[in-house]
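User: I would like a close look at a single part of this protein, namely one helix together with the helices that pack on it. Please take the surroundings into account as well, and keep the reasoning explicit.

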Amino acid sequence: MRTVAVFTVLVLGSGACVAERERTPDASVSREENEAALLEVDYQAFDQTSGGGWRELSDRGEYVEAAELIDAYLEASDDLDAGQRVNLTFHAGQAYAFADSTELALHRFRAALVDTEPAGSPVRWNAYVRATIAFLENDRSMLTAMREEIAAGPDIQGVIPNLDIVDQLLAGLSGSYAEAYQPDAS
């Protein structure tokens, strides 16, 4: 998921300036109150903080709840830029995919494709999203083609963004998204 953050900053130039709405969930209040508080935090806290925002639910295996929270955040936040919306939409797709809600995941992933990907982008974002879609559709030829497009892209400090994940998706094509995306978690 770190590579998605790279996409936001490097491709669409977002992530550095976020609204100052810092509130963190409180263990002494109800889940509904915590989730309402999460809708008020800034983008960085909601999406880009390990163990924070929607990731807290996802880390507990509550993938549908995490995806629904992301969907609610998208609806409630009118100050998000295009890159932030793309990231959140993609993350909702991932959460639905982890929950084996394939149709909802596919819908979010298709919505996470960008119309114009900058030619000099260090991340082959659309190829990564299309590879993820191909995995969910069990389309080995498309997944392989997207893997090759990503592999031909530039590297960042010796690493080609998302190539390792797409290789895992290829290796785990017959299994679930969760098993392929996190093969060591099983």
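Analyst: What follows is an account of helix α10 and its neighbours, with a few further sites added for context. The model is a predicted one, and everything below should be read with that in mind.

The setting comes before the detail. The protein has eleven helices and zero strands, and along the sequence the pattern reads α-α-α-α-α-α-α-α-α-α-α. Of its 186 residues, 46% count as buried. Among contacts between residues at least 6 apart in sequence, 56% join residues at least 24 apart.

Helix α10 spans residues 163–171, and its buried residues are Leu163, Ile165, Val166, Leu169 and Leu170. These five cover an arc of only 160° around the axis, which places them on the same side of α10. Which residues of other helices meet these positions can be followed through two packing contacts, one with α9 and one with α8.

For both contacts the description follows a common scheme: two packed helices are described by the angle between their axes and by the distance between those axes.

The partner that precedes α10 in the numbering is α9, which covers residues 140–151. The axes of α9 and α10 lie 10 Å apart and form an angle of about 160°. Since an angle over 145 degrees counts as roughly antiparallel, α9 and α10 are therefore roughly antiparallel to each other. Their crossing is left-handed. On the α9 side the contact is made by Arg140, Leu143, Thr144, Arg147, Ile150 and Ala151, which meet Leu163, Val166, Asp167, Leu169 and Leu170 of α10. Divided by class, the residues of this contact are seven nonpolar, one polar and three charged.

The other partner is α8, which covers residues 125–136. Here the angle is about 15°, with the axes of α8 and α10 again given as 10 Å apart. That makes α8 roughly parallel to α10, given that angles under 35 degrees fall into this category. The crossing of α8 and α10 is left-handed. Tyr128, Ala131, Thr132 and Phe135 of α8 meet Ile165, Val166 and Leu169 of α10, and these residues divide into six nonpolar, one polar and no charged.

Read against the list of buried residues, the two contacts can be placed on the helix. Val166 and Leu169 of α10 meet α9, and Val166 and Leu169 also meet α8. Leu163 and Leu170 appear in the contact with α9, while Ile165 appears in the contact with α8. Each of these five residues is buried.

The loop that joins α9 to α10 deserves attention on account of its backbone. Glutamine 157 is found in this loop, and its phi is near 50°, a positive value in a residue other than glycine. Glutamine 157 counts as exposed, with 80% relative accessibility. Asparagine 162 lies in the loop between α9 and α10 too, and although it is not a glycine it has a positive phi of about 75°. Asparagine 162, however, is buried, with a relative accessible area of 1%. Both values of accessibility can be judged against the cut-offs, which are under 20% for buried and over 50% for exposed.

Going one helix further out, α8 also packs with α6, which covers residues 82–98, at an angle of about 20° and with the axes 12 Å apart. Helices α6 and α8 are therefore roughly parallel to each other, and α6 passes α8 in a left-handed crossing. The contact is formed by Val86, Asn87, Phe90, Gln94 and Ala97 of α6 together with Trp125, Tyr128, Val129, Thr132 and Leu136 of α8. By class, this contact has seven nonpolar, three polar and no charged residues. Tyr128 and Thr132 of α8 take part in the contact with α6, and Tyr128 and Thr132 are also among the residues of α8 that meet α10.

Helix α6 also holds threonine 89. This residue is buried, with a relative accessible area of 12%. Leaving out residues up to four places away in sequence, threonine 89 touches Leu74, Arg108, Ala111 and Ala112.

To return to the part in question, the buried residues of α10 lie on the same side of the helix, where α9 meets Leu163, Val166, Leus 169 and 170 among others, and α8 meets Ile165, Val166 and Leu169.

Note on methods: Residues are numbered from 1 along each chain as its sequence is written. This is a predicted model: local features need pLDDT of at least 70, side-chain atom pairs count only at pLDDT 80 or more; totals for chains, interfaces and linings use all residues. Side-chain values use heavy atoms; hydrogens and water are left out. Buried means under 20% relative accessible area, exposed over 50%, partly exposed in between (1.4 Å probe, protein chains only). Helices (H or I, at least four residues) and strands (E, at least two) are DSSP runs, numbered from the N terminus. The arc is that of the directions from the helix axis to the C-beta atoms. Axes are lines fitted to C-alpha atoms, for helices over the stretch in contact, and angles run from 0 to 180 degrees between N-to-C directions. Angles under 35 degrees count as roughly parallel, over 145 as roughly antiparallel, 65 to 115 as roughly perpendicular and the rest as oblique. A crossing is left-handed if the near helix is turned anticlockwise from the far one by less than a right angle, and right-handed if clockwise. Contact means heavy atoms within 4.5 Å. Ala, Val, Leu, Ile, Met, Phe, Trp, Tyr, Cys and Pro count as nonpolar, Asp, Glu, Lys and Arg as charged, and the others, Gly among them, as polar.
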